[in-house]
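Me: I am new to this structure and would like to go through it slowly, asking how each label is earned.

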Amino acid sequence: MGGQSEADEAIKTPRWNFLPDLPLKSAPFYDRPPRPLAVLGYMVASWNPFRMRFWFFAIACGIWLLTSPSLEQTETLRAGWILQI
């Protein structure tokens with residue numbers, strides 16, 4: 001009530017008030033025009049084998065290896081391997 005705005009009070013309070021650098025930067029996956037080297041650099045810089053990304057990738061590869069039919073089966077068009085997918 002002393003004429004201060006909420007923003008002024010938020011700056012003075014001991015609460016956590018994180019202010020990121022603007023403009024916010026996102027991952028380069030959806031940049032136009034595409035920048036494959038930037039995407040590769042981002043992936044290398046953010047890769048940590050114990051993060052969830054590794055486990056999602058490992059589980060997806062395992063499911064793909066266990067459930068996908070062999071190439072010999074897919075040479076002929078049959079309902080069996082199509083339903084397996």
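Reply: What follows is a set of questions and answers about a predicted model.

Me: What makes H3 the place of highest confidence in the protein chain, and which element is lowest?

Reply: Confidence is given on a scale from 0 to 100, and on that scale H3 has the highest mean, at 88, whereas H1 has the lowest, at 60. The protein chain averages a pLDDT of 80, and 81% of the residues score at least 70. Where pLDDT is low, the predicted coordinates should not be read in detail.

Me: How do you know which kinds of secondary structure the protein chain has?

Reply: The count comes to 5 helices and 0 strands, and from the N terminus on the order of elements is α-α-α-α-α. Of the 85 residues in the protein chain, 6% are buried, a label that requires under 20% relative accessible area. The accessible surface comes to about 8300 Å², and 67% of that surface belongs to carbon and sulfur atoms.

Me: Why are Phe29 and Tyr42 called an edge-to-face aromatic pair?

Reply: Two rings pair if their centres lie within 6.5 Å, and planes over 60 degrees apart count as edge-to-face. The rings of Phe29 and Tyr42 are 5.5 Å apart, centre to centre, with 90 degrees between the planes, so both conditions are met and the pair is edge-to-face. The pair links distant parts of the chain, with Phe29 in the loop between helix H1 (6-12) and helix H2 (36-46) and Tyr42 in helix H2, 13 residues apart. Phe29 has 38% relative accessibility and Tyr42 has 33%; because partly exposed covers the range between 20% and 50%, that label fits.

Me: What makes Phe54 and Trp55 an aromatic pair that is edge-to-face?

Reply: Their centres are 4.9 Å apart, which lies within the limit of 6.5 Å, and the 75 degrees between their planes is over 60, so the pair is edge-to-face. A search of the whole structure finds 2 aromatic pairs. Phe54 is partly exposed at a relative accessible area of 26%, and Trp55 is partly exposed at 42%.

Me: Which residues make the nonpolar surface patch, and why can Trp55 be counted in it?

Reply: The patch, of about 570 Å², is made by Met52, Trp55, Phe56, Ile59 and Ile63. Patch residues need over 30% relative accessible area, and Trp55 has 42%, so Trp55 passes that cut-off. Ile59, one of the patch residues, has its place in helix H3 (residues 52-67).

Me: Why is the contact between Arg35 and Asp31 called a salt bridge?

Reply: Side chains of opposite charge can pair when their charged atoms come close. A salt bridge requires a side-chain nitrogen of Lys or Arg within 4 Å of a carboxyl oxygen of Asp or Glu; the closest N and O atoms of Arg35 and Asp31 are 2.8 Å apart, so the condition is satisfied. The structure holds 1 salt bridge. Arg35 is partly exposed, with a relative accessible area of 44%, and Asp31 is also partly exposed, at 24%.

Me: How do you know that the peptide bond from Leu22 to Pro23 is cis?

Reply: Its omega is near 0 degrees, and Pro23 is found in the loop between H1 and H2. A cis peptide bond also joins Arg32 and Pro33, with omega about 0 degrees, and Pro33 has its place in the loop between H1 and H2. Most peptide bonds are trans.

Conventions: Residues are numbered from 1 along each chain as its sequence is written. Side-chain values use heavy atoms; hydrogens and water are left out. Patches are made of residues with over 30% relative accessible area and no salt bridge: like charges are joined within 9 Å, nonpolar side chains (Val, Leu, Ile, Met, Phe, Trp, Tyr) within 5 Å. Accessible areas come from the Shrake-Rupley method with a 1.4 Å probe; for residues, only the protein chains shown count as cover. Helices (H or I, at least four residues) and strands (E, at least two) are DSSP runs, numbered from the N terminus. Rings of Phe, Tyr and Trp (its six-membered ring) pair if their centres lie within 6.5 Å; planes under 30 degrees apart count as stacked, over 60 as edge-to-face and the rest as tilted. Buried means under 20% relative accessible area, exposed over 50%, partly exposed in between (1.4 Å probe, protein chains only). pLDDT is the predictor's confidence in each residue, from 0 to 100.
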